[in-house]
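Work through the exercises below with the sequence and the model side by side, and attempt each task before reading its solution.

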Amino acid sequence: MPKIYSDKERKEIRNALRREAGKCLALYGVRRTTVDELTKRTDIPKGTFYLFYDSKEALFFDLLRTFADEVEEEYLAMLQEIDENHIVTSLTDIFYTLLMKFYHEGLYRFLDGAELELVLRKLPDDALPDLSGRMQGVIRSLFSYFYIDDKDDISAFEAGYEALLHLLLSADKLPDKEKALRLLIRGLVLQMVE
């Protein structure tokens with residue numbers, strides 16, 4: 001008979017699985033991450049994993065959805081508390097922190113399409129449009145916060161930030177990754193607040 005977990009234990013296990021899935025994604029990618037590795041890292045029996053997720057792909061998809069929810073909640077709150085006297089620096093810090101969260105959680109690996117395809121092959125057909133729309137909606141809401149009226153301008157800022165996300169695929173090859181990414185974000189921010 002499977003163990004029965006309290007709501008608190010279930011939440012802790014889900015959080016641990018998502019955290020370790022992000023680490024494994026960054027280190028190994030989807031293909032080389034195994035359920036055995038995830039259960040070893042979270043110190044749960046393999047059977048327990050399947051109480052929470054049907055597959056590792058379902059876990060990775062949950063990781064992406066959770067990321068989108070956290071970004072919308074956390075970063076919109078950060079935008080509301082911006083230091084108006086240092087708006088460019090504040091916005092650069094916020095967008096850089098978001099970019100690095102995406103990087104450190106390994107989610108940048110989904111940008112090349114091959115890793116995301118591995119996840120989506122075991123999910124319902126409507127999962128990708130739902131997820132893509134969700135991620136675009138989050139980025140759009142971040143830029144819409146600045147009351148940019150021109151839809152073409154919002155699209156241009158979204159594309160600029162998405163280009164920065166794509167740079168993460170080769171970020172380790174940049175000589176001074178942090179300074180280079182901050183400089184690019186600062187340029188985007190300067191264009192946004194002018």
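**Exercise 1: a pair of helices**

H4 and H5 are roughly antiparallel to each other, a class that takes in angles over 145 degrees. The model is a predicted one, in which local features need pLDDT of at least 70, side-chain atom pairs count only at pLDDT 80 or more, and totals for chains, interfaces and linings use all residues. Residues are numbered from 1 along each chain as its sequence is written, and side-chain values use heavy atoms, with hydrogens and water left out.

Task: at what angle do the axes of H4 and H5 cross, and which residues meet?

Solution. Begin with the axes (lines fitted to C-alpha atoms over the stretch in contact, with angles from 0 to 180 degrees between N-to-C directions): those of helix H4 (residues 56-80) and H5 come within 11 Å and cross at roughly 165°. Next, list the contacts (heavy atoms within 4.5 Å): Phe67, Glu70, Val71, Tyr75, Met78 and Leu79 in H4 meet Leu91, Ile94, Thr97, Leu98, Lys101 and Phe102 in H5. By class, this contact has nine nonpolar, one polar and two charged residues.

**Exercise 2: one residue of H5**

Task: is Ser90 buried or exposed?

Solution. First locate Ser90, which lies in helix H5 (residues 87-104). Then take its relative accessibility, which is 15%, so Ser90 counts as buried, the cut-off being under 20% relative accessible area with a 1.4 Å probe and protein chains only. Finally, leaving aside neighbours within four places in sequence, Ser90 is in contact with Ile82 and Asp83.

Technical notes. Helix = DSSP H or I, 4+ residues; strand = E, 2+ residues; numbered from the N terminus. Buried < 20%, exposed > 50% of the residue type's maximum accessible area, 1.4 Å probe, protein only. Parallel < 35°, antiparallel > 145°, perpendicular 65-115°, else oblique. Nonpolar A, V, L, I, M, F, W, Y, C, P; charged D, E, K, R; others polar.
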